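Let's take a walk through a protein together. Keep the 3D view open and turn it as you read.

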Amino acid sequence: MDFRLTDEQRQIKEMVSEFVDEEIVPVADEIDTTDEFPTGLVSEMGELGLMGMPFPEEYGGAGLDYHSYAIGLAEIARGSGGLGTVVAAHTSLAGNMLYEFGSEDQKEEYLTPLAAGTDVGAFALSEAQAGSDVPAMETTAEREGDEYVIDGGKLWISNGSVADTITLFAKTDPAAESKGISSFIVRPGEDDGFFVEGTEHKLGDKGCPTAELRFSELRLPADRRLGEEGEGFVQALKTLNGGRITIAARGVGIAQAALDQAIEYATQREQFEQPISEFQAIQHKLADMDTKVNAARLLMHQAADLKLRGDSFIKEAAQAKLYASEVSREVANEGIQIHGGYGYTTDFPAERFYRDAKLNEIYEGTSEVLRNTIANELL
């Protein structure tokens, strides 16, 4: 058991950290204020290989292990929670669906530009009445000859309004419930019948558009289906399971940013003729914050390690995502408290970290659902 990073992992961390500090951190507040998709930064990340970190080089990826990917994602989220979601939804969800379940032709045509960062990906699963209850989805895909005709809509789709490729879930056999769900590749710029109804105005996660999508007689050739009919629900669960490791990484990154900012503020802010970092109450807060961040990071790497080994990691991914999500909110909350009144203003990023952290407890499996998952694995 070796907790040290390999030379490659250390180099990845240093490279991404430098990029984040030089390119993302200086504009993070602007991204948060404008809520505009940072096209330029996403292109730069693509050129650096950060949009396809875990995919093989033969498909345009960087060929990194899952530890390196989680490390890189955590660094990106440290700079901007919204960019962390952009990369996670693009890579862990859309890209991984193609990598795990696509044919060789589909990988070459659709995964390669995603992994290279020239295209942006999205994962369209949730609906108004089908968030945690996936089989309740109402979007349908009816086979007509060599095509599928898709009707319905999706909500809360990260990158949905800017995506070049979307992996979409729809019912090919509504009577079969979860066994009647299939998945498809949608190309918004090419496919008639695809509409973006709008994007959400969110508490945080700015810079990553969360879209409502509608499909009206959207016709897709049958070779755009991923895998066989009826496999979509299992595909979604497997994809989300791996994605939870990167949401844990997003939580770790935001928590680390909140801790770093709190330490910096505490050592500079003076009250009663001394820095507030000299007060034991503040020291205890910082000690607890750092302990929680490191514990969350270890859970993240434990799940990544099991995934790399090919072992079951359902429980461990759920635990990593659950704990890191709650830790990110708790650490961000303490960061605000350490900043006092300033923490409640936009003069410091402490309040942004809190807003960005809260989402971790909701998407890709709510904390309540994850506790069910962990209990099911235990029992």
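What follows goes from strands to salt bridges, then to the core and the empty spaces. One thing to keep in mind from the start is that this is a predicted model.

Let's begin with the strands. Find strand S7, residues 210–221, and look at its neighbours. Strand S3, residues 147–158, pairs with S7 in the antiparallel sense, with nine bridges between them. If you want one spot to zoom in on, pick Gly152, whose bridge partner in S7 is Phe215. S7 also pairs with strand S6, residues 194–199; these two run antiparallel as well and are joined by five bridges. Here you can look for Phe195, which has Arg214 as its bridge partner in S7. While you're there, a handy thing to know about strands is that in a regular one the side chains alternate between the two faces of the sheet.

Stay around here for another stop. Ala176 sits in the loop between strand S4 (165–171) and S5. With a relative accessibility of 27%, Ala176 counts as partly exposed. Now find Gly230: along the sequence, Ala176 and Gly230 are 54 residues apart, yet their C-alpha atoms are 8.5 Å apart in space.

Next up are the salt bridges. The count for this model is 27. One of them joins the side chains of Arg224 and Glu190, with 3.7 Å from N to O. What does this pair tie together? Arg224 is in the loop between S7 and strand S8 (225–226), while Glu190 is in the loop between strand S5 (181–186) and S6, so the salt bridge ties together parts that are 34 residues apart in sequence. The two partners sit in quite unlike surroundings: Arg224 is buried, at 6% relative accessibility, whereas Glu190 is exposed, at 51%. They also have company, since a network of salt bridges links Asp119, Arg187, Glu190, Asp191 and Arg224.

Now compare that with a salt bridge inside a helix. Glu351 and Arg355 form one, and their closest N and O atoms are 2.8 Å apart. Both residues belong to helix H10 (residues 350–358), and they are four residues apart, or about one turn of the helix. Glu351 and Arg355 are both buried. Moving along the chain, you'll find another salt bridge between the side chains of Lys358 and Glu361, at 3.0 Å from N to O. Lys358 is partly exposed, with a relative accessible area of 32%, while Glu361 is buried, at 8%.

Time to look at the nonpolar core. The largest one has 61 residues, and the members that touch the most others are Met45, Ile76, Leu83 and Ile338. Several helices supply at least two residues each, among them helix H1 (7–24), helix H3 (39–47), helix H8 (280–309) and helix H9 (314–339). Which helix gives the most to this core? That's H7, with 13 residues.

Finally, let's look at the empty spaces. The largest pocket holds about 1200 Å³ of space. It is lined by 48 residues, and the closest to its centre are Ser126, Leu240, Tyr363, Glu364 and Gly365. H7 turns up again here, giving the largest share of the lining with nine residues. Sorted by class, the lining of the largest pocket has 21 nonpolar, 15 polar and twelve charged residues.

The second largest pocket holds about 660 Å³. Of the 23 residues in its lining, Asp2, Phe3, Leu5, His67 and His301 lie nearest the centre. H8 provides the largest share of this lining, seven residues. The classes here are eight nonpolar, seven polar and eight charged residues.

There is also one cavity of 30 Å³ or more, and its space comes to about 50 Å³. Residues lining this cavity include Ala28, Ser80, Lys206, Arg352 and Asp356. Helix H2 (28–34), helix H5 (81–101) and H10 each give two or more residues to the lining, and H2 gives the most, with three. By class, the cavity lining has two nonpolar, three polar and five charged residues.

Definitions and conventions: Residues numbered from 1 in each chain as written. Predicted model: local features only at pLDDT ≥ 70, side-chain atom pairs only at ≥ 80, totals over all residues. Heavy atoms only, no water. Pairing = 2+ DSSP bridges. Salt bridge = Lys/Arg side-chain N within 4 Å of Asp/Glu carboxyl O. Buried < 20%, exposed > 50% of the residue type's maximum accessible area, 1.4 Å probe, protein only. 1 Å grid on protein atoms, 1.4 Å probe; cavity = no way out; pocket = protein on both sides within 12 Å on 5 of 7 lines; lining within 4 Å. Points joined across faces, edges and corners; volume = space filled by probe spheres on them. Nonpolar A, V, L, I, M, F, W, Y, C, P; charged D, E, K, R; others polar. Core = buried A, V, L, I, M, F, W, Y, C linked by side-chain atoms within 4.5 Å.
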